[in-house]
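Visitor: I should like to understand how the terms used for a protein structure are justified. Would you please take me through the reasoning step by step?

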Amino acid sequence: MTSHRLPPPARERIEKLSTGAPWSSQQPVGQEAVLRGLGFSAAAVVIGSVYSYGFGFPRPPGYRRAPRLSDVPGPWVDDPISAKRSGAYVHDWAVTPEGKPTGDFGWTWERPLHQERQRKMVDSAFAKLLTEARSVGAHGVVGMNLAFRKLSSNPNISYGVYEVRVHGTAVVVPGLPPSERPFTTGLCGGELLKLAQRGYAPSEFVVGIGGVRGQLGRRTRRRLRSFQNGEIEQFTEVTQMSISIARRDLERQTTNPGDLVVASSPEFEVQRELGSSYDVTTRIAGSIIRKLHRYSTATSLALTPVVPLNDEDW
Amino acid sequence: VSSGPKPNASLAEQIVRAHSDITPRSSGALSTSGVSEHGVCTDLSVDEWLLIDEAGYEPCGLVAGASVFHIGVVGVRSGNCEIESLTTALLEAREHATATLRDEAERLGALGVVGVRLTIEAMGGKSHLARVIAIGTGIRPKERLPDQSSKAQPFLTALSGQEFYVLSKGGYLPLALVMGACVYHVGRQGGPAWVKNKFRNLELSSYSSALYEARELAMARLQGEAHAAKAQGVVGVTTSEISHVWGSHVIEFFAMGTAVRSLTGEHRSLGPRLALSVIDPVVLTDPAALIGNAKRCNQSQLVSETGLDAR
């Protein structure tokens, strides 16, 4: 992530902090108290926000060819004729037992350009947030949240304006020199305490993105017009692949096998263009945590089963 | 910053120094290196993960199953009756999604999947396309169990990490996710009956019996699945009544729970103590607009507000 120039109001706000302006935090009071108990002090709420406009072409040159699809679990087969032509993969129901295309096939492929465009937006928003964090001498950003919003009157088209915004609370450890690479996490104070006591530390807030397009085959079209109940296999596969690619993308951002990504629920963006294609984009945000190998000894949890006396809504 | 730890460094200092010692990713987010050298992903919260770990299990990956289902033509209904084709379609869609989820878990070598969330929605507001997504975290024992059969299918459970911990400490094992559904058409009251009853206090017996029957049908199916799984009981049963996009007179009753069986034949008491929490839940910000981890601080409230989780 590269450093970004902050807009004048952001610069002004950050500069005021160094001249004794009050600190700010998005953490609830209880979580803030836990953070202070850990040794952190809140510095400021930091924000990164991006508006972006762009086109998603139906099938532009440079669409990634098949290899990445082979990562995705599923009964995919390499169609001998079609794959040569476009690099796309077709489902096995589109091929005769002898391996010939039946003419029923639908094309399904990953959308790397679309993914990269969304990745750039996320990276840009993160870079702005980190610039703010570094400006206040932060050692980390906690309680991060990411919102991804499409500002378009027609949800069924793949171009339009997107807004990505990310925010969190920059924290410092008094007495430590400023860090060039503050840690980022979506976890809150209480969770950091539990992790640290167990011998784990937060590392990075990451986002996995998976974009897949299915060009409808004749079988899918027939199914959509049918009077009978039935699964639309191509739509299912597109959705399944999109989740799998987003999950792999998230896991690829870890650096060693012991890392764990604590992820949020996936967010889906579904588009159908002119009834000829079916696009699904899945985004999963998560926080990487890893073992504090050199610094800490893990303690086991001393659990006491309790029955709360607070009234709770059922 | 990475000059090494002080003997009495605070936890905060240890966290910062540990992060500074890590070499940044060189190949960026879209690295194409093999998966095996990377970490695993989970949608468990930190609390859930710590308890799963304490119970002797570890997450082996986020698993998901999807199914997009086309719902065929449904004939016109007038009286109270179940719409079997809709019941079958929605149950089949859920079963396809959970079967894919189970397959993914099996490929990862998971013993089971905890925290399974099953969401269903009409795609684009259209009544003929239903999308079901099932998501959970595959877990496996940290040490191989002596009686663990490699051919056994992973169990699925909608229980949270906390519930799974309590269940296993109580001596029970989840067997399967069991479901029961019934899509029911509630007949409309005719004009003369409406006029006759307008100014009277009385039970609308037709509506009562319709809704009652539909609930019973759904619960009976859930019980049937549990019986087939040779379960001793079903815990964490959730019920929902949704009209989806069909209007107010067609309702789906859906019940889901986890079939369980005692490992030892007797319940092991946890010896719980009474406690009064003085912490009131606080929501950080609008949960519907965010996909970050705000939910980690107050999961139960967020789930109830978004209404998306069937957990």
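Guide: The conversation below sets values from this predicted model against the definitions behind the terms.

Visitor: What makes the contact of B:Y57 with B:F164 an edge-to-face aromatic pair?

Guide: Two values decide the matter. Ring centres must lie within 6.5 Å, and planes over 60 degrees apart count as edge-to-face. The rings of B:Y57 and B:F164 are 5.3 Å apart, centre to centre, with 70° between their planes. The pair is therefore edge-to-face. B:Y57 belongs to strand β2 of chain B and B:F164 to helix α4 (residues 161-169) of chain B, 107 residues apart, and the pair thus links distant parts of the chain.

Visitor: Why is the pair of B:F155 and B:F164 called stacked?

Guide: Planes under 30 degrees apart count as stacked. For B:F155 and B:F164 the angle between the planes is 20°, and the centres are 6.1 Å apart, so the pair meets both limits. B:Y57, B:F155 and B:F164 form one aromatic cluster. Over all chains, the count comes to seven aromatic pairs.

Visitor: How do you know whether the residues B:Y57, B:F155 and B:F164 are buried or exposed?

Guide: Buried means under 20% relative accessible area. The value is 10% for B:Y57, 6% for B:F155 and 1% for B:F164. Each of these residues is therefore buried.

Visitor: What places A:R36 over the face of A:W23?

Guide: The distance to the ring centre must be within 6 Å, and the position must also be within 35 degrees of the ring normal. A:R36 lies over the face of A:W23, at 4.6 Å from the ring centre. Likewise, A:R283 lies over the face of A:F148, at 3.8 Å from the ring centre.

Visitor: Why is B:C41 not counted in a disulfide?

Guide: A disulfide requires two cysteine sulfur atoms within 2.5 Å. The closest cysteine sulfur to that of B:C41 is in B:C60, 12 Å away, which is too far for a bond. B:C41 is also buried, with a relative accessible area of 0%. For B:C182, the nearest cysteine sulfur is that of B:C81, at 9.7 Å, and B:C182 is in no disulfide. B:C182 likewise counts as buried, at 0% relative accessibility. The structure holds zero disulfides over all chains.

Visitor: How do you know that strands β7 and β9 of chain B pair?

Guide: At least two bridges are needed between two strands. Strand β7 (residues 172-185) and strand β9 (residues 250-262) of chain B have 13 bridges in the antiparallel sense, so they pair. Within this pairing, B:G180 stands opposite B:A255 in β9(B). Both strands belong to an open sheet of four strands in chain B, in the order β3-β7-β9-β8.

Visitor: What makes β3 and β8 of chain B the edge strands?

Guide: Strands β3 (81-82) and β8 (233-242) of chain B each pair on one side only. Helix α3 (residues 84-107) of chain B packs on this sheet, touching β3, β7 and β9 of chain B. Helix α6 (residues 205-228) of chain B also packs on the sheet, where it touches β3, β7, β8 and β9 of chain B.

Visitor: Which chains supply the strands of the five-stranded sheet?

Guide: The order is β9(A)-β2(B)-β5(B)-β4(B)-β6(B), so chains A and B both contribute to this open sheet, and the pairing is mixed. Strands β2 (residues 57-70) and β5 (residues 129-141) of chain B run antiparallel and are joined by 13 bridges.

Conventions: Residues numbered from 1 in each chain as written. Chains lettered and ligands numbered in written order. Predicted model: local features only at pLDDT ≥ 70, side-chain atom pairs only at ≥ 80, totals over all residues. Heavy atoms only, no water. Helix = DSSP H or I, 4+ residues; strand = E, 2+ residues; numbered from the N terminus. Phe/Tyr/Trp six-rings, centres within 6.5 Å; stacked < 30°, edge-to-face > 60°. Buried < 20%, exposed > 50% of the residue type's maximum accessible area, 1.4 Å probe, protein only. Contact = heavy atoms within 4.5 Å. Axes fitted to C-alpha atoms, helices over the stretch in contact; angles between N-to-C directions.
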